[in-house]
Amino acid sequence: MRKANREDIFEIIQSVGSISVDVNDIAPDEDLNAQGIDSVDMMSVFFEIEDRFSITIDEESLQNKTWFTVDEIVESTNSLMSEKGVSSEAPRP
Amino acid sequence: MIGIQQIGVYIPDRKIENATKRNAHNITKEFLENKIGIQSVSRMTDGEKASDLCVHAFADLLAKGGAQPQRIDFICVCTQNGDYRLPQTSAIVHEKLGLQYTCAAMDIGLGCSGYVYMLLVARSFMESNDLRCGVIFTSDPYSTIIDPADKNTDLLFGDAATATLLADDAEYDIGKGAFGTDGEKHAALIKRNNEKLFMDGRSIYNFALRTVPHNIQNCFEVNGISPEMVDVFIFHQASKFLIDALAQKMKIDTRKVPFRIQHYGNTVSSSIPIILKDYIGDQSAETLLLSGFGVGLSVASLVLRRR
């Protein structure tokens with residue numbers, strides 16, 4: 001089972017049109033909001049993660065897991081995939 | 001065949017500058033300009049009601065010519081914030097405009113998809129009953145239901161109204177519609193009894209990006225056209241980031257996707273006709289795609305073709 005990794009999240013951040021921050025400047029272990037990615041951008045990031053990894057990031061998931069940094073997003077995404085039994089061979093492009 | 005002949009618009013001069021509320025809502029100038037995209041929201045005069053806004057929009061329609069009040073045989077008002085719970089606001093508009101007794105009058109209780117629905121309902125109703133001159137109104141003054149402390153809605157919604165003249169002698173033919181409803185998400189945008197408006201922005205964003213592209217594809221198919229044939233995509237003017245995200249998702253040239261609500265805000269069912277009026281008399285646009293989405297959650301799209 002293919003898990004999410006940092007590169008996936010960086011790629012998603014890069015694909016979101018409203019984000020003007022260069023992904024090369026993003027520290028994976030620092031709060032994304034403090035690095036110029038606002039709440040609306042995060043909405044788009046979560047949307048793309050849901051589509052790519054076949055999970056649903058609902059309000060409960062947002063509250064029970066941490067999603068502030070790239071590394072936390074990777075961990076929370078993989079945790080959700082595991083909890084919900086997502087067993088795709090590879091994420092959708 | 002009944003089509004769109006002319007559109008009258010009323011946007012109140014009274015405005016609230018969103019910049020004055022940035023600090024209270026803890027948002028940046030960049031967020032306001034680049035994400036919300038609304039500098040000020042329009043507000044009707046204290047004491048006014050939805051029907052008053054309709055009357056103002058009708059005055060603009062009269063000023064543009066074409067409408068003859070004594071010939072109007074059908075009116076419809078799209079609102080979820082009518083003058084009263086009953087009667088229908090269209091009856092009050094009927095009185096205020098002094099329309100004839102035989103004029104049919106009805107309301108449609110839809111939000112952001114309301115204009116598209118109303119166009120299709122009105123065309124069918126008029127054609128099947130041999131009615132010749134209809135005016136359909138949008139008037140949904142959200143200022144009456146917004147909590148000023150709620151930053152999710154306070155900076156978004158503005159008051160406005162429109163009046164669209166439908167007749168045989170029309171500029172645009174109304175094509176077929178495509179529809180979608182996700183009733184399970186009805187609480188994502190809701191005004192419960194004795195409460196103010198609640199909006200779950202993320203649910204609406206997800207709904208829009210997941211359903212609107214498919215709905216529009218369905219609309220292309222039922223109308224037998226391809227995306228390249230559309231000159232202008234008039235989306236419900238929800239917010240700048242949502243319009244931008246939809247254009248990006250659908251890979252549409254942003255020059256074909258107008259966003260013009262910077263100085264009055266998201267006016268719910270009025271947002272599409274306010275933009276559409278700019279294409280009345282503009283020969284450069286042959287085929288237009290209208291798509292409304294929101295309250296319900298509901299989506300509806302249709303195609304207009306220049307006659």
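Q: What separates the centres of domain 1 of chain B and domain 2 of chain B, taken over C-alpha atoms?
A: 16 Å separate them. This is a predicted model: local features need pLDDT of at least 70, side-chain atom pairs count only at pLDDT 80 or more, and totals for chains, interfaces and linings use all residues.

Q: Where are the two domains of chain B?
A: Domain 1 covers 3–170 and domain 2 covers 173–306. The bounds come from an automatic or database domain assignment. Residues are numbered from 1 along each chain as its sequence is written, and chains are lettered from A in the order in which they are written.

Q: How many residues does the contact take from each domain of chain B?
A: 46 from domain 1 and 41 from domain 2. Two residues are in contact if their C-beta atoms, placed from the backbone, lie within 7 Å.

Q: Which element gives the most to the domain 1 side?
A: Helix 5 of chain B, with seven residues. Helices (H or I, at least four residues) and strands (E, at least two) are DSSP runs, numbered from the N terminus.

Q: And by class, what is on that domain 1 side?
A: The side of domain 1 of chain B that touches domain 2 of chain B has 23 nonpolar, 17 polar and six charged residues. Ala, Val, Leu, Ile, Met, Phe, Trp, Tyr, Cys and Pro count as nonpolar; Asp, Glu, Lys and Arg count as charged; the others, Gly among them, are polar.

Q: New topic. Is strand 6 of chain B buried or exposed?
A: Seven of its seven residues, 133–139, are buried, so strand 6 of chain B is largely enclosed by the rest of the structure. Buried means 20 or more other C-beta atoms within 10 Å of a residue's own, exposed means 12 or fewer, and partly exposed is in between, with C-beta atoms placed from the backbone.

Q: Which residues point which way from strand 6 of chain B?
A: Cys133(B), Val135(B), Phe137(B) and Ser139(B) point one way. Gly134(B), Ile136(B) and Thr138(B) point the other way.

Q: How many bridges join strand 6 of chain B to strand 7 of chain B?
A: Seven, and the two strands run antiparallel. Val135(B) stands opposite Leu165(B) in strand 7 of chain B. Strands pair if DSSP finds at least two bridges between them.

Q: What about strand 4 of chain B?
A: Five bridges join strand 4 (residues 74–78) to strand 6 of chain B, and these run parallel. Cys76(B) has Ile136(B) as its bridge partner in strand 6 of chain B.

Q: Last one: how many residues does the contact between chains take?
A: Ten from chain B and seven from chain A.
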